[in-house]
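Welcome! Take a moment to turn the model around on your screen, and then let's walk through it together.

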Amino acid sequence: MAIDPKVFRSALGRFATGVTVVTVKDGAAAHGMTANAFSSVSLDPPLVLVCVDRKANSLEIIRRTKRFAINFLAEEQKGFSDWFAGKGRDAADQFAGVPHEAGENGSPILKGHIGALECGLHEEYAGGDHSIFLGRVTRVLLPEEVRAPLLFYASAYRKMNMGAAFDS
Ligand SMILES: Cc1cc2nc3c(=O)[nH]c(=O)nc-3n(C[C@H](O)[C@H](O)[C@H](O)COP(=O)(O)O)c2cc1C
């Protein structure tokens, strides 16, 4: 039975996710891309994956540089998600208005993240109209304070009720 793309997309949206910005340093330029198709993969070795649209500018940059960082966004960083998902940000310095510092592998680390991972490109797999980039984690950035994440669910940004954790 044929899958209706609209229904498929909507169904995928019912899986609540956090929001990341995948960053890459490409020579003098830095590049960022909003992504929620992120997953942990392996603890030993430490591996994660992110799925990147084959039409995205980030694809060739990650292939070329073979290193990137994944920044987990805090609730108040919705503006960065919009910015790094938007078109027309390639002409100017994408990080001009975005507080950040260079990670050990050169990739920008966004100030105010709730967690970040620096990665080397371990493997690329074909995934239909996306590429699956498997990253080997080379550095973990973990702020001491646990802060509210930016969530994405049913095509909208959401807030987490941080007071509502289950007892066990
Ligand atoms: C919440 C959200 C999640 C997204 N997740 C992904 C993703 O996982 N993979 C992807 O390729 N694009 C994703 N996008 C779309 C890209 O951010 C967008 O196409 C961006 O312009 C790509 O940048 P680039 O072409 O400069 O690489 C997402 C957009 C939003 C708003």
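Which of the 20 residues around the ligand come nearest? They are His31, Thr34, Asp53, Asn57 and Ser58. Keep in mind as you look that this is a predicted model. The notes below begin at the ligand and then move on to other parts of the chain.

**Contacts with the ligand**

- Find Ser58 once more: an N or O atom in the side chain of Ser58 is 2.4 Å from an oxygen atom of the ligand.
- Ala37 takes part through its backbone, with a polar backbone atom 2.9 Å from an oxygen atom of the ligand.
- Arg89 uses its side chain, where a polar atom lies 3.0 Å from a ligand oxygen.
- The ligand on its own would expose 640 Å², and the protein buries 84% of that area.

**The pocket and its shell**

- If you look for the largest pocket, you will find that it is the space taken by the ligand.
- Four elements give two or more residues each to the shell around the ligand: the strands β3 (29-35) and β5 (47-53), and the helices α2 (57-65) and α3 (78-85).
- Of these, β3 gives the most, with 4 residues.
- Sorted by character, the shell has 10 nonpolar residues, 7 polar ones and 3 charged ones.

**Salt bridges**

- Side chains of opposite charge can pair when their charged atoms come close.
- Searching the whole structure turns up 7 salt bridges.
- One of them joins Arg64 to Asp26, and their closest N and O atoms are 2.5 Å apart.
- Arg64 belongs to helix α2 and Asp26 to strand β2 (residues 20-26), so this pair ties together parts that are 38 residues apart in sequence.

**Two backbone details to look for**

- Most residues other than glycine have a negative phi, and most peptide bonds are trans.
- Asp44 and Pro45, however, are joined by a cis peptide bond, with omega at about 5°.
- To locate Pro45, go to the loop between β4 (38-42) and β5.
- Ala154 is not a glycine, yet its phi is positive, near 50°.
- You can spot Ala154 in the loop between β11 (150-153) and β12 (156-159).

Terms used
Residues are numbered from 1 along each chain as its sequence is written. This is a predicted model: local features need pLDDT of at least 70, side-chain atom pairs count only at pLDDT 80 or more; totals for chains, interfaces and linings use all residues. Side-chain values use heavy atoms; hydrogens and water are left out. A residue is near a molecule or strand if one of its heavy atoms lies within 4 Å of it. A polar contact is a pair of N or O atoms within 3.5 Å; within protein, one must be able to donate a hydrogen and the other to accept it, and residues adjacent in sequence count only if both atoms are side-chain atoms. Accessible areas come from the Shrake-Rupley method with a 1.4 Å probe; for residues, only the protein chains shown count as cover. On a 1 Å grid over the protein atoms alone, a cavity is a set of points where a 1.4 Å probe fits but cannot get out, and a pocket is an open set with protein on both sides within 12 Å along at least five of seven lines; lining residues have an atom within 4 Å of a point. A molecule sits in a cavity or pocket if more than half of its atoms lie within 2 Å of its grid points. Ala, Val, Leu, Ile, Met, Phe, Trp, Tyr, Cys and Pro count as nonpolar, Asp, Glu, Lys and Arg as charged, and the others, Gly among them, as polar. A salt bridge is a side-chain nitrogen of Lys or Arg within 4 Å of a carboxyl oxygen of Asp or Glu.
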